[in-house]
Amino acid sequence: MKIPSAGVILAAAGEGRRLGSRLPKALVPLAGTPLFLHSLRTFAGLPFVREIAVVLPPEWVTRIRKQLGRRLEALKVTTLVPGGARRQDSVQIGLDAIQSPIVLVHDAARPLVTREAITRVAEAAARHGAAVLAHSAVDTIKIADARGRVVSTPDRSRVWHAQTPQGFRRIVLLNAYRMNGRREATDDVQLVERAGGSVRIVPGPPSNFKVTTSEDLSRAGGLLDRSRR
């Protein structure tokens, strides 16, 4: 199907303390390039992506604007905005800056996302209203109580690890944020769930992992090296 024009919210405001860097996570170098630029370039290369809002740590907005300069237009970056106290606050700030009918929310800490995966999420979001890239669980999953005791074992065939991008018709995500108020959420799909919406899973690769630790950064670098050979 033809994908309506899409806007991207690139969530890049995290501190990344577990990486052990004084830089914000999105600015930590990966193969000599700031982490957030890897996925930004991938999104910018897709014809249906018309606008990108990059959400950064407040103290870095002016600096990144100067560093990127004229490249902002080529990268389809329409705005650089300061993030909020929580991830969901940052995404909401980005959402206010996006006008496209389809909105894709992506963690800058997932640098290895592919054009094909993004396209499939955008198509599913346009068709169904909301979609999430995810990969199926391969390990047996246990649910534990507050004392660390196993209380149940869910059916592994129904368990998925959520990734990003997560895609939405803009009106669906706007409504979810309005209905949620100030309640905590771990991702945007959870907000749509709370609002009574239906979300489609789009199978994604395990390689689209989130860089959280120095080991993750090394793993991402190794995968990039192999892909360039």
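User: I'm new to this. Which residue lies over the face of Trp60?

Analyst: Arg63 does, at 4.0 Å from the ring centre. Keep in mind that this is a predicted model. There's another case like that: the charged end of Arg219 sits over the ring of Phe209, 3.9 Å from its centre.

User: And how many aromatic pairs are there?

Analyst: Zero. To pair, two ring centres have to lie within 6.5 Å, and the count of such pairs here comes to zero.

User: Okay, on to helices. How far apart should the ends of helix α5 be?

Analyst: Start from the general idea: an α-helix has 3.6 residues a turn, so residues three or four places apart point the same way. Now the length of this one. Helix α5 covers residues 115–128, which is 14 residues, and at 1.5 Å a residue it should span 20 Å. Its end C-alpha atoms are 20 Å apart, so the model agrees with the expected span. Just after α5 comes Gly129, with a positive phi of about 105°.

User: Which residues of α5 are buried?

Analyst: Ala117, Ile118, Thr119, Val121, Ala122, Ala124, Ala125 and Ala126.

User: What do those buried residues pack against?

Analyst: Helix α1 (35–44), plus the strands β6 (102–107), β7 (130–136), β10 (160–169) and β11 (200–203).

User: How do I read a nonpolar core?

Analyst: In soluble globular proteins, nonpolar side chains tend to be buried together. Here, the largest nonpolar core has 40 residues, and Phe36, Leu40, Phe48, Val54 and Leu104 touch the most other members. Elements that each supply at least two residues of this core include β1 (6–11), β4 (49–56), α2 (61–68) and β5 (77–82).

User: Which element gives the most to this core?

Analyst: α5, with seven residues. There's also a second, separate core of 20 residues, and among its members are Ala53, Val55, Leu95 and Val103.

User: Let's zoom in on Phe48. What does Phe48 touch?

Analyst: Leaving out residues up to four places away in sequence, Phe48 touches Ile3, Pro4, Ser5, Ala6, Leu104, Ile118, Thr119 and Ala122. You've met Ile118, Thr119 and Ala122 already, among the buried residues of α5.

User: Last one: is Pro34 buried or partly exposed?

Analyst: Partly exposed, because its relative accessible area is 28% and buried means under 20%. Pro34 belongs to strand β3 (residues 33–34). Not counting residues up to four places away in sequence, Pro34 touches Ala26, Leu27, Val28 and Pro29. Pro111 is 77 residues from Pro34 along the chain, and their C-alpha atoms are separated by 9.8 Å.

Key: Residues are numbered from 1 along each chain as its sequence is written. This is a predicted model: local features need pLDDT of at least 70, side-chain atom pairs count only at pLDDT 80 or more; totals for chains, interfaces and linings use all residues. Side-chain values use heavy atoms; hydrogens and water are left out. Helices (H or I, at least four residues) and strands (E, at least two) are DSSP runs, numbered from the N terminus. The expected span of a helix is 1.5 Å times one less than its number of residues. Buried means under 20% relative accessible area, exposed over 50%, partly exposed in between (1.4 Å probe, protein chains only). Contact means heavy atoms within 4.5 Å. Rings of Phe, Tyr and Trp (its six-membered ring) pair if their centres lie within 6.5 Å; planes under 30 degrees apart count as stacked, over 60 as edge-to-face and the rest as tilted. A charge sits over a ring if NZ of Lys or CZ of Arg is within 6 Å of the ring centre and within 35 degrees of the ring normal. A nonpolar core is a set of buried Ala, Val, Leu, Ile, Met, Phe, Trp, Tyr and Cys residues joined through side-chain atoms within 4.5 Å.
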